[in-house]
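I am opening a fresh notebook page for this protein. My plan is to look up the fold, then the core, then the charged pairs.

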Amino acid sequence: GVDVADRDVIRSAARTPVDSRADLLSLGRLQLAPMVQVLNRADGGSGFLEQARARLANLIQLRRTGRGSDQPETVLASFETALDNADFDAAFAAATIWSSAGLAGLESWLTAAQRRHDLDQAVNRLVALFVQHAAGQS
């Protein structure tokens with residue numbers, strides 16, 4: 001049968017509509033400015049040119065070493081790239097990393113994206129169950 005948790009997610013979505021992936025990707029663009037502000041505050045308020053030089057140096061170093069995927073600048077770049085590529089799953093993953101690092105700026109977006117992610121997973125499991133039953137495999 002259908003898992004109770006999946007049933008609850010689907011019922012919740014029926015009561016309160018869930019944003020579409022496309023809408024969340026569009027809304028994600030609005031989150032970029034607050035994310036950059038968080039990074040600027042983390043830089044200790046140094047001047048714009050100093051920040052730009054430091055970020056450029058970090059990007060060059062990251063590309064050389066292939067490391068730093070958990071650095072805030074890299075996570076921000078991953079989030080933006082995911083938005084550019086209309087890749088909701090990658091944007092969601094980057095937002096989750098951003099949030100788990102204790103950085104602000106994505107709270108409302110991540111809450112809405114989590115609802116979309118949970119609904120998609122529940123529906124996928126439900127469809128798989130129906131296909132399994134239709135194929136005579138219980």
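Here are my entries, in the order I made them.

**Ground rules**

I am working with a predicted model, in which local features need pLDDT of at least 70, side-chain atom pairs count only at pLDDT 80 or more, and totals for chains, interfaces and linings use all residues. Residues are numbered from 1 along each chain as its sequence is written, and side-chain values use heavy atoms, with hydrogens and water left out.

**Entry 1: the fold**

I looked up the helices and strands first. Both are DSSP runs, numbered from the N terminus: helices are H or I with at least four residues, strands are E with at least two. I found six helices and zero strands. Along the sequence the pattern reads α-α-α-α-α-α.

Next I looked up contacts, meaning heavy atoms within 4.5 Å. I took the contacts between residues at least 6 apart in sequence, and 66% of them join residues at least 24 apart.

Then I turned to burial. Buried means under 20% relative accessible area, exposed means over 50%, and partly exposed lies in between (1.4 Å probe, protein chains only). Of the 138 residues, 27% are buried. The accessible surface is about 8,700 Å², and 55% of that belongs to carbon and sulfur atoms. These areas come from the Shrake-Rupley method with a 1.4 Å probe; for residues, only the protein chains shown count as cover.

**Entry 2: the core**

Which residues have the most contacts inside the largest nonpolar core? I first noted the rule: a nonpolar core is a set of buried Ala, Val, Leu, Ile, Met, Phe, Trp, Tyr and Cys residues joined through side-chain atoms within 4.5 Å. The largest one has 22 residues, and Met 35, Phe 79, Phe 88, Ala 91, Trp 98, Leu 106 and Trp 109 have the most contacts inside it. Two or more residues come from each of helix 2 (21-42), helix 4 (72-84), helix 5 (88-100) and helix 6. My textbook note: in soluble globular proteins, nonpolar side chains tend to be buried together.

I followed Trp 109 further. Leaving aside neighbours within four places in sequence, Trp 109 has contacts that include Leu 24, Gln 31, Phe 79, Phe 88 and Ala 95.

**Entry 3: Gln 31 and Gly 105**

Gln 31 lies in helix 2. Is Gln 31 buried or exposed? Gln 31 counts as buried because its relative accessibility is 13%. Beyond four places in sequence, Gln 31 touches Phe 79, Gly 105, Leu 106, Ser 108 and Trp 109.

That led me to Gly 105, in the loop between helix 5 and helix 6. With a relative accessible area of 14%, Gly 105 is buried too. Its C-alpha atom is 5.2 Å from that of Met 35, although the two are 70 residues apart along the chain. Not counting residues up to four places away, Gly 105 touches Gln 31 and Pro 34.

**Entry 4: helix 6**

I checked the length of helix 6. It has 28 residues and reaches 40 Å from first C-alpha to last, close to the 40 Å expected. The expected span is 1.5 Å times one less than the number of residues. Its buried residues include Trp 109, Leu 110, Arg 116 and Asp 120. After helix 6 comes Gly 136, with a positive phi near 80 degrees.

**Entry 5: salt bridges**

How many salt bridges are there? The rule asks for a side-chain nitrogen of Lys or Arg within 4 Å of a carboxyl oxygen of Asp or Glu. By that rule I have five.

Asp 6 pairs with Arg 125, with the closest N and O atoms 2.7 Å apart. Asp 6 is in helix 1 (residues 4-15) and Arg 125 in helix 6, 119 residues apart. Asp 6 is buried at 6% relative accessibility, whereas Arg 125 is partly exposed at 44%.

Arg 21 and Asp 120 also meet in a salt bridge, at 2.7 Å from N to O. Arg 21 lies in helix 2 and Asp 120 in helix 6, so this pair ties together parts 99 residues apart in sequence.

Arg 116 forms a salt bridge with Asp 120 as well, at 2.6 Å between the closest N and O atoms. These two are separated by about one helical turn, because they sit four residues apart in helix 6. Last note: Arg 21, Asp 89, Arg 116 and Asp 120 are linked in a network of salt bridges.
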